[in-house]
Amino acid sequence: MFLRPGSRLRFEFPVPCSIFSILLLIKRKFYCMPQKVLSYTRLHLTDRLPLTCAREGTCCHGKAVWINPWELAFLAKTKGMPVRYFRDRFCEFGGIRLLFDGPAGWKGLAACCMYQPGAGCTVHAGRPLVCRLYPLGRERHGESTAYLFRGEQFPCSEGCPGVVDLPDLTVAEYLDGQQVDRGEAAQDAYLDLVQELADGAFALLLDTGLAATGDRLTLRSWRRLGEMTPQELTGHIGPEWIDRLMLSGEDGVDDPVAYVKRHHDQLQEYAQEAFGSLPDAAALSGGSGLMMAMALHLGRSLGAEPSDLAATWIKTARKHGAKE
Ligand code: SF4
Ligand code: SF4
């Protein structure tokens with residue numbers, strides 16, 4: 001367990017968490033669109049699709065590329081830059097999204113900051129999972145994983161109609177060629193860390209006796225946090241904890257599972273020191289809110305919708321006696 005102010009609690013991850021490139025790479029104007037209104041085409045690994053890329057850079061324009069802390073470090077390493085410098089120069093919201101501030105291209109949309117007209121992606125070897133998967137997405141629900149694409153029409157056909165004249169590939173062949181293994185391992189490990197951070201928020205509310213006092217402020221704060229924009233949530237967490245959440249060092253990037261494990265241990269130590277012996281209800285409520293805010297922020301970096309996460313976690317807390 002992440003934090004130990006009292007007895008052990010374990011809450012299952014509450015909703016299907018889409019680690020889904022089509023969700024993660026949706027155009028800015030759809031940024032706030034909830035996952036539930038989107039439709040998807042589910043795929044088998046043996047399905048054949050026009051998955052040979054036309055290399056026109058279409059999908060590197062006007063999108064939102066969310067990245068987790070390991071991807072941030074991997075991108076920085078690929079560019080030969082310190083992680084903090086890369087984060088501050090090329091990312092927003094504390095490092096969970098790549099800037100799209102490059103020259104306008106397809107449909108007049110701004111390019112990803114890693115895109116160079118005429119040359120393509122300048123960080124190809126270290127590109128995030130979402131870019132390796134596109135036009136496909138990956139959905140994780142519990143232990144099961146599925147691949148899909150957004151809508152009923154193959155996504156590339158709008159921006160790169162010539163893709164249908166290139167060789168078809170099976171989904172399995174495409175994933176193999178994109179070398180998604182390390183990115184998927186990192187996403188799955190960070191998904192567990194999201195759960196651990198939320199466990200910490202639960203523990204401060206339920207294990208400490210705070211909920212038993214009739215406290216209603218904590219769950220109300222969780223709901224507000226779930227509704228915050230990425231910018232608001234970044235500000236709420238504050239620079240010190242944002243750095244702890246997003247910057248886990250330069251070493252060990254080649255082994256994503258070990259990297260996330262080390263990051264987990266670092267965060268656990270910080271949390272134990274900051275929240276392990278809080279003096280009063282107000283401090284416990286604030287600590288719970290901060291742990292929840294970090295769980296939601298990291299969850300967003302993985303493709304989860306914070307308002308859905310918060311709503312389901314609030315429901316779980318209420319079942320265990322907390323009040324809103
Ligand atoms: S839209 Fe599809 S075919 Fe076009 S550049 Fe992107 S991945 Fe390649
Ligand atoms: S990281 Fe590379 S592949 Fe991904 S959107 Fe940016 S330029 Fe395109």
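Which residues in H7 meet which residues in H11? The views below start with that contact and then move through this predicted model.

**View 1. Helix H7 packed against helix H11**. H7 covers residues 181-207 and H11 covers residues 256-275. On the H7 side, the residues making the contact are Arg182, Ala185, Ala186, Ala189, Tyr190, Leu193, Glu196, Gly200 and Leu204. They meet Pro256, Val257, Val260, His264, Ala271 and Phe275 in H11. Sorted by class, that contact comes to eleven nonpolar, two polar and two charged residues.

**View 2. The geometry of the H7 and H11 pair**. Two packed helices are described by the angle between their axes and the distance between the axes. Here the angle is about 15° and the axes sit 9 Å apart. Angles under 35 degrees count as roughly parallel, so H7 and H11 are roughly parallel to each other. As for handedness, the crossing of H7 and H11 is right-handed.

**View 3. Helix H2 and what packs around it**. H2 runs over residues 69-79, and eight of its eleven residues are buried, so the rest of the structure largely encloses this helix. The buried ones are Pro69, Trp70, Glu71, Leu72, Ala73, Phe74, Leu75 and Ala76. What do the buried residues of H2 pack against? Their partners are helix H3 (83-90), strand S4 (91-92), helix H4 (129-133), helix H10 (239-246), and the two helices from the opening views, H7 and H11. Just after H2 comes Gly80, with a positive phi of about 70°.

**View 4. The shell around ligand 1**. Zoom in on ligand 1 and you'll find 13 residues surrounding it. Cys53, Ala54, Cys59, Cys156 and Cys160 are the closest. By class, the shell around ligand 1 splits into eight nonpolar, three polar and two charged residues.

**View 5. The shell around ligand 2**. The cysteines here are Cys60, Cys112, Cys121 and Cys131. Val65, Met114, Tyr115, Val123 and Arg127 make up the rest of the shell. The class tally for ligand 2 is eight nonpolar, no polar and one charged.

**View 6. Zooming back out to the protein chain**. The secondary structure adds up to 13 helices and ten strands. The chain has 324 residues, and 44% of them count as buried. Take the contacts between residues at least 6 apart in sequence: 78% of them join residues at least 24 apart.

Technical notes: Residues are numbered from 1 along each chain as its sequence is written. Chains are lettered from A and ligands numbered from 1 in the order in which they are written. This is a predicted model: local features need pLDDT of at least 70, side-chain atom pairs count only at pLDDT 80 or more; totals for chains, interfaces and linings use all residues. A residue is near a molecule or strand if its C-beta atom, placed from the backbone, lies within 6 Å of it. Ala, Val, Leu, Ile, Met, Phe, Trp, Tyr, Cys and Pro count as nonpolar, Asp, Glu, Lys and Arg as charged, and the others, Gly among them, as polar. Helices (H or I, at least four residues) and strands (E, at least two) are DSSP runs, numbered from the N terminus. A residue is buried if 20 or more other C-beta atoms lie within 10 Å of its own, exposed if 12 or fewer, and partly exposed in between; C-beta atoms are placed from the backbone. Two residues are in contact if their C-beta atoms, placed from the backbone, lie within 7 Å. Axes are lines fitted to C-alpha atoms, for helices over the stretch in contact, and angles run from 0 to 180 degrees between N-to-C directions. Angles under 35 degrees count as roughly parallel, over 145 as roughly antiparallel, 65 to 115 as roughly perpendicular and the rest as oblique. A crossing is left-handed if the near helix is turned anticlockwise from the far one by less than a right angle, and right-handed if clockwise.
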